[in-house]
Amino acid sequence: MNPQSTLPPTPAALPPKTGDPSAPAGSGSKGPRSEVRLFAGLGHVALAVWAVIVIVPILWTFLAAFKNTSEIFSSPWTLPAELRWENFGRAWTKAHVGRYFLNSVIVVSCSTFLTMLLGSMAAYVLARYKFWGNRAVYFLFVSGLAFPVFLALVPLFFVVKNLGLLDTHTGVVLVYSAYSLPFTVFFLAAFFKTLPSSVAEAGMIDGCGHTRLFFQVMMPMAKPGLISVTIFNIIGQWAQYQLPLVLLSNAKDKWVLTQGIADISVNAGYEADWSGLFAALTIAILPMIIVYAVFQRQIQAGLTSGAVK
């Protein structure tokens, strides 16, 4: 009998174990990796489709703003024969888009400032101070996110009317601020909770009061989150149509841009000035695109900072 026949088989002859580091690469994880690649590919396809759905109508609007009415209907998908800048001048002056644009800037600027001031203070107190009813107040704010705007239009009309603020920019600013507060408090409260308590304690030791601590210490630390929420509020209030339609219906000289464009859209069917309509739409869309493009990194930093810390 050969004594070597009783020896155990060499390691090279043994089959590789599942999960063994010495096993060939990809032999045990080929399935999960392929699934990850599949879902990643589907995600990229979905993003590409969504980008096309969003970008194509915007580009078509920009191109139509430089065409005349015949070109818009006869060759809608071609480039304009020439750049007709007079369409923008006609929309700015004849259709009063300039006045509506200025009204929107005034209303959105004031309402955003008021929203951020009140919302940041409320979110800071709810996030950093413990008192009886803290969670009840917080959930009361958050419940406003689930309340549709159109359900409150009728009672809101009478409340603003009884206050003597109907057909005024002041009434619109107050209503915009009230409807923007739930999201602002919800977002900033979570952000303020991530800020280190040691900095606040050091400020209190150095003699800072609660007001000074908030404005000079905590707000600068929360700058990324404040910028993100500010941009979201600006975009949301700029595109608001239902509220000004109810609150400024009888004061045409105080209309905001969305009301003015809706009026141009109605009149375009009678005057056949579709190029002026698309020029007005371009004037309304471009500021928000520029604002988002300029502050894109700050918005991303604010969102990721609140999620990572």
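Which helix holds the place of V45? The answer is helix α1, made of residues 30–64, and this predicted model is toured below in four close-ups.

**View 1. A nonpolar patch on the surface that includes V45.** Seven names are worth picking out here: V45, V49, W50, I53, V54, I55 and L59 make a nonpolar surface patch of about 670 Å². V45 itself sits in helix α1.

**View 2. The largest cavity and its lining.** Rolling a probe the size of a water molecule over the atoms shows where empty space is left. Searching the whole structure turns up one cavity of 30 Å³ or more, and the largest cavity encloses about 40 Å³ of space. Around the largest cavity you will find S104, V107, V108, Y176, Q237, W238, Q240, V256, L257 and T258. By character, this lining has six nonpolar residues, four polar ones and no charged ones. At least two lining residues come from each of α4 (97–128), α10 (223–238) and α12 (257–271). With three residues, α4 gives the most to the lining.

**View 3. Two of the spans listed as transmembrane regions in UniProt.** The unreviewed entry lists residues 38–66, 100–126, 138–160, 172–192, 213–235 and 274–295 under "transmembrane region". Take residues 100–126 to begin with: the span is 100% helix and 0% strand, and its end C-alpha atoms lie 38 Å apart. Then turn to residues 213–235, where the chain is 96% helix and 0% strand, with 30 Å between the end C-alpha atoms.

**View 4. A salt bridge between R84 and E71.** Side chains of opposite charge can pair when their charged atoms come close. Here the side chains of R84 and E71 meet, N to O, at 2.7 Å. The pair links distant parts of the chain, 13 residues apart: R84 belongs to the loop between α2 (69–74) and α3 (86–93), while E71 lies in helix α2. In total, the structure holds three salt bridges.

Definitions and conventions
Residues numbered from 1 in each chain as written. Predicted model: local features only at pLDDT ≥ 70, side-chain atom pairs only at ≥ 80, totals over all residues. Heavy atoms only, no water. Patch = residues over 30% accessible without salt bridge, like charges linked within 9 Å, V, L, I, M, F, W, Y side chains within 5 Å. Areas by Shrake-Rupley, 256 points an atom, 1.4 Å probe, with all protein chains shown as cover. Salt bridge = Lys/Arg side-chain N within 4 Å of Asp/Glu carboxyl O. Helix = DSSP H or I, 4+ residues; strand = E, 2+ residues; numbered from the N terminus. 1 Å grid on protein atoms, 1.4 Å probe; cavity = no way out; pocket = protein on both sides within 12 Å on 5 of 7 lines; lining within 4 Å. Points joined across faces, edges and corners; volume = space filled by probe spheres on them. Nonpolar A, V, L, I, M, F, W, Y, C, P; charged D, E, K, R; others polar. UniProt positions renumbered as here; feature names shortened; annotations may be inferred.
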